[in-house]
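Reader: Can you walk me through this one? I'd like the ligand site and then a helix.
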Amino acid sequence: MTRPVLIPILGDQLSFSLSALQDVDKSDARLLMMEVAQETTYVPHHRKKIAFILAAMRHHAAALRDAGWQVDYVELDDPDNTGSFGGEIGRAVTRHDPLRIRVTEPGEWRVLEILRGLEAEHNLPLDILPDSRFLCSHKEFASWAEGRKQLRMEYFYREMRRKTGLLMEGDEPAGGRWNFDSENRKPADTDLFMPRPLDVEPDATTRAVLELVEARFPDGFGTLTPFRFAVTTEDAEKALERFIDEALPRFGDYQDAMLTGEKYLYHSVLSPYINAGLLDPLHVCRKAEQAFLDGDVPLNSAEGFIRQIIGWREYVRGIYWLKMPDYAGANHFGASRPLPDFYWSAETKMACLREVIGQTRDEAYAHHIQRLMVTGNFALIAGIDPHQVHEWYLSVYADAFEWVELPNTVGMSQFADGGLLASKPYAASGNYINKMSDHCRNCAYDVKDRTGENACPFNALYWDFLIRNREKLGANPRLAQPYRTWDRMSAETRKDYLNAAARSLKRLEAGKL
Ligand SMILES: Cc1cc2nc3c(=O)[nH]c(=O)nc-3n(C[C@H](O)[C@H](O)[C@H](O)COP(=O)(O)OP(=O)(O)OC[C@H]3O[C@@H](n4cnc5c(N)ncnc54)[C@H](O)[C@@H]3O)c2cc1C
Ligand code: SF4
């Protein structure tokens, strides 16, 4: 009998196009899929996130078998399960005596280190293949970044537009502009016909996973049911079609809006599917482009959506692999306050945070502006330890894999990398939240009150953050205006702001904010 090639398939590698599966004879290959305890517990993942990944893995294993692959599948409650990638790959090596191990590079530095260690441990050749589901390779990103004083997504994005030809008319961008963001900042109104992402009824396989998760993580974070995620490529494709038909036309206009009770607005809720491998990102973008070419979707929506995927998504991945492992420890402002308990309980008088965290607990989902301008903004201006903030985001969202979550959190939202990823901190007072949402109407605090007993905590914390960190931010040209405004305030007003911020931080420490 010939010795097989052992091909581990990780939980976010659920794609038939995976590089490790190409140019391999199915009869010579043994695929290995593992549900390991270490991966379910290294941060306290949302129960819906665990269920989504395990259910999608089980469905993918069945689809691979149907396609003629031989798959070893280790379930979480298999009595022999060692609970770690290293242990399970070791058991598979003993079972199959493979000739070599072949794997598509993982999305996480930590897992890459584990895999690299296997070569010496088992004295077997290990081939780590690039993940071709991304448009930009590590090498390409590194050479784009090299020699640049500043890395900016916008310029990287233009390269990706040229490379893919998406929304291009010859060498020029469709509509004569690369970016229509300035048209994408409208507040939303309640709409009885608001689109909803596709709900998928759990089948027997998914129901078994839900029971397993309930039994294994009875006290884990997050509401487990109702569970609505698609867990197969076919259903994820239906979710994509629903989004393009119903929500994409208004995606652009309302991209930054928030509304109480409207968890999704016109967002796609496709990130879990794209990140796990159920949907190919370029295919998703081509569908959006086609809807524009067919006249069904305006350019600002198609461009805004495509930019998130071939721009931001690829850009943050480039930064992750360029800067790891040190990036995970970045803390530019030396922020050290512990993550408030209300990030887990949603028990706070601040309506905006209560809404976003409550929704996160129930759905393992929040859209970008909720993550950036509510939970992220508060953590930033209150001076929360960015590593704790990172672990929270990695835990609570179904789409959270470290390569994408860490740069978004540490770089974009907490500015803990000192401005490598973003040109200015996303810090804002209550005024921004009031402009883009209706949350302030239902809040115990008064967004118009700046420093009084009942003032919105964001108002004074915003100034306190800028003043606390003036040495590090004072020279940033994008912050010149707010610092000028501060300098023009009377000494008394400034003192009132700083006192109000101190009062909010005291209340925060006492669990009374
Ligand atoms: C603090 C913080 C943490 C985040 N953590 C994650 C994470 O763990 N995983 C994750 O996929 N995204 C993360 N994001 C980015 C973004 O918020 C989510 O991708 C988006 O909210 C997913 O919802 P959606 O599919 O409805 O997105 P849509 O608004 O419909 O956008 C379309 C697609 O674009 C991509 N996208 C949009 N923005 C980004 C971005 N900034 N970076 C990378 N891809 C993007 C996603 O694939 C998304 O599905 C984070 C953002 C912040 C501010
Ligand atoms: S008043 Fe302040 S705390 Fe309350 S919802 Fe508005 S921004 Fe949030």
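Author: The ligand site comes up first here, and a helix follows. This is a predicted model, where local features need pLDDT of at least 70, side-chain atom pairs count only at pLDDT 80 or more, and totals for chains, interfaces and linings use all residues. Residues are numbered from 1 along each chain as written, chains are lettered from A and ligands numbered from 1 in written order, and side-chain values use heavy atoms, with hydrogens and water left out.
Reader: How many residues surround ligand 1?
Author: 28. The closest are His 267, Ser 268, Val 269, Asn 275 and Tyr 365. A residue counts if one of its heavy atoms lies within 4 Å.
Reader: Which side chain has an N or O atom 2.6 Å from an oxygen atom of ligand 1?
Author: Ser 268 has one, and so does Tyr 365. A polar side-chain atom of Asn 275 lies 2.8 Å from a ligand 1 oxygen. The cut-off for such a pair of N or O atoms is within 3.5 Å.
Reader: How much of ligand 1 does the protein bury?
Author: 99% of the 830 Å² that ligand 1 exposes taken alone. Areas come from the Shrake-Rupley method with a 1.4 Å probe.
Reader: Which helix gives the largest share of the shell?
Author: α16, with six residues. Helices are DSSP runs (H or I, at least four residues), numbered from the N terminus.
Reader: New topic. Is α18 mostly covered or mostly open?
Author: Mostly covered: ten of its twelve residues are buried (under 20% relative accessible area, 1.4 Å probe, protein chains only). Among them are Phe 458, Tyr 462 and Trp 463.
Reader: What covers them?
Author: The cover includes α13, α14 and α21. Contact means heavy atoms within 4.5 Å.

Key. A polar contact is a pair of N or O atoms within 3.5 Å; within protein, one must be able to donate a hydrogen and the other to accept it, and residues adjacent in sequence count only if both atoms are side-chain atoms. Helices (H or I, at least four residues) and strands (E, at least two) are DSSP runs, numbered from the N terminus. Buried means under 20% relative accessible area, exposed over 50%, partly exposed in between (1.4 Å probe, protein chains only).
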